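Work through the exercises below with the model open. Each task is followed by a solution in steps.

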Amino acid sequence: MRRLLHSEIDFRHPFVLITGLLTALASGVVVFLFLFLVIQGQPAFTRMGFAFFSGEEWIPGETYGAWPLIYGSLVVTGLALLWVLPPALGCALFTSEYLRPKARVAMKAAMELLAGVPGILYGLLGVSFLAVWVRDVLGLIDGNTLLTASLLLAVMVLPTIMTLSEDACRAVPSEYRDTARALGLTRAEVVFGVVLPQALPGIAGAVLLGLGRAMGETVAVMLVIGGLDRVPLPWYDITQPGQNIPSKLGREAAEALGSGLHWNALIASGLVLFLMVMLFSLAGNFLLKRKRA
Amino acid sequence: MSRKTKDFLIMMALGLCALLGAALLGFILSAVLWRGWPALGFDFLFTAPGKFGEGGVLFQALGTLLLTLGAGALCFPLALGSALFQTEVLRPGKWNDTVSLLLYSLNAVPTVLFGLIGFLVFGVWMDTGVSWLTGVLVLAVMILPTVQTAVRQSMQAIPESYQETARALGLTPWQRVRAVVLPRSVAGLVTGVLMGLARAAGETAAIMFTATVFSGVLFPKSLSDPALTLQTHILTLAQEAVDPAAQAAAWGAGLVLISLVFCLIGLSLLIRRRNAVEADL
């Protein structure tokens, strides 16, 4: 006990008891959540075995193969990353290296507002604008495709990745910049030769955190992904409708409740999603922390 | 190409990216304003909804406020208490890190899973059905990491010399919390809660099964009644993408929602900024 607490703490004091209880409650809720996911999802893993991950058929009451959902989650998130990376990094570098302090603060505030726009509004924008544009530009019958979902996600995570990367660039000591400038390097050479390499771990962390956010987003994706549980043919044709895990959960949960294995299979795919996001977030957090130290 | 031209071109390219980011915010705001403004009016803002999504959004807005404030009120003591325990009682070390990691990992739970879990635990096992209280509980857990991390970080940012002075004066931990920790971290507390509220106000997936219905109630009269909210209202209307009246109502509701969220975020930015300036002096 003594080694856990600060030395002057009297653990019979009500303050210690109350805050301790609240901490236990908060942590307990989290532990309960994880146990819940594992216990409720486990029947699907035991019944389906590896076929849960590799199967391509999801027919409630018969078989639950989550591969199309996992594929959809990975493809949509990966593509979103591809679209968002160049503009987000450019925006971060420009804001941290070229803008004056006042303009920089304004830009950061704008990005924080943008990051707070509710997901459902992105969904509405996606339905009314993006899906229509994708349909018209590519000449498709239906604008709700994997591509549309990935574009929408790219827009959604841009502010997150941009602000965090910008923080990483600002954390590079200004002596480095001054030294490089004094050596006669141009501004652009300083940015790409000094700032970017130094800030890279932090930027990687920012990207991973943004990736985690994109992966778990539900309502916006649900409205524009098309909702078809299959891997497109051929597999790289992203202009076909698809499905990802959160969207599947959002669509089917209400009907699956209490229907045995169907529910377990949904929770199991939720668990898979959670583990993937957790992996990204932990790696991202590790990289961000390391940079600061 | 000379180094100077290259330098210039790169600056232009980066500037273009920044412009794109700013233009995106501009586009989103103007799209919401442009599509939502026509729907807005006294009737839209202050009347009860009709059966099929026509009519006003008064009760949807009240429902969103109810869920958001309820979640904030429930989350606040948990976040404050556990942050105090972590900074003032528990020594830094393995246990402290474990608590941080547990709460942090909540951030990685996709919000729709909160909805599913809340649905089964409260709606079925505890047999409350779809109720606004379930929504409050689910949202409170969802925003816990946001609020708790902000509160804890603002407490950890208090200069060690303040704490040492308080200790040297012989203050007990509780006296120290009242005299030093709380007053010095109040800005962080407020901004943390505001960010949490903004997150809760914009959240749809976590409450769409657990707490809300599209029509049939106005404002919950008992603990087990469902509520109407702006978010789920927009979701239902957006799925009827072909009906122009539904579209117009969805954009109107979206405009109301985004104004609410932006007020919360703007306020937190203001407080943080004013406080940062004071700290620099």
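**Exercise 1. A helix checked by length**

Task: What span should the 17 residues of helix α9 (residues 186-202) of chain B have, and which distance between end C-alpha atoms is found in this predicted model?

Solution.
- Step 1. The rise is 1.5 Å a residue, and it is multiplied by one less than the number of residues.
- Step 2. For the 17 residues of α9(B), the expected span is therefore 24 Å.
- Step 3. The end C-alpha atoms of α9(B) are 25 Å apart, which agrees.
- Step 4. Now the surroundings: 14 of the 17 residues of α9(B) are buried, so the helix is largely enclosed by the rest of the structure.

**Exercise 2. Packing inside chain A**

Task: Classify the packing of α3(A) and α8(A) by angle, and state which way they cross.

Solution.
- Step 1. Locate the helices: α3 spans residues 67-97 and α8 residues 187-216, both in chain A.
- Step 2. Their axes lie 10 Å apart, at an angle of about 140°.
- Step 3. Roughly antiparallel requires an angle over 145 degrees. The pair is therefore oblique.
- Step 4. The crossing of α3(A) past α8(A) is right-handed.
- Step 5. List the contact residues. α3(A) contributes Ser73(A), Thr77(A), Ala80(A), Leu81(A), Leu89(A), Leu93(A) and Glu97(A). They meet Val191(A), Val195(A), Ile203(A), Val207(A), Leu211(A), Ala214(A) and Met215(A) of α8(A).
- Step 6. Sort the residues of this α3(A)–α8(A) contact by class: eleven nonpolar, two polar and one charged.

**Exercise 3. Packing between chains**

Task: Repeat the analysis for α4(A) and α1(B).

Solution.
- Step 1. Helix α4 (residues 101-116) of chain A packs on helix α1 (residues 3-36) of chain B at about 50°, with axes 10 Å apart.
- Step 2. These two helices, α4(A) and α1(B), are therefore oblique to each other.
- Step 3. Their crossing is left-handed.
- Step 4. From α4(A), the contact uses Met107(A), Ala110(A), Met111(A), Leu113(A) and Leu114(A). From α1(B), it uses Ala18(B), Gly21(B), Ala22(B), Leu24(B) and Leu25(B).
- Step 5. By class, the α4(A)–α1(B) contact has nine nonpolar residues, one polar and no charged.

**Exercise 4. The whole interface**

Task: How many residues of chain B touch chain A, and which helix of chain B gives the largest share?

Solution.
- Step 1. Contact involves 71 residues of chain B and 72 of chain A.
- Step 2. On the chain B side, α1(B) supplies the largest share, 19 residues.
- Step 3. That side of chain B divides into 53 nonpolar, 13 polar and five charged residues.

Notes: Residues numbered from 1 in each chain as written. Chains lettered and ligands numbered in written order. Predicted model: local features only at pLDDT ≥ 70, side-chain atom pairs only at ≥ 80, totals over all residues. Axes fitted to C-alpha atoms, helices over the stretch in contact; angles between N-to-C directions. Helix = DSSP H or I, 4+ residues; strand = E, 2+ residues; numbered from the N terminus. Parallel < 35°, antiparallel > 145°, perpendicular 65-115°, else oblique. Left-handed = near helix turned anticlockwise from the far one by under 90°. Contact = placed C-beta atoms within 7 Å. Nonpolar A, V, L, I, M, F, W, Y, C, P; charged D, E, K, R; others polar. Buried ≥ 20, exposed ≤ 12 C-beta atoms within 10 Å, placed from the backbone.
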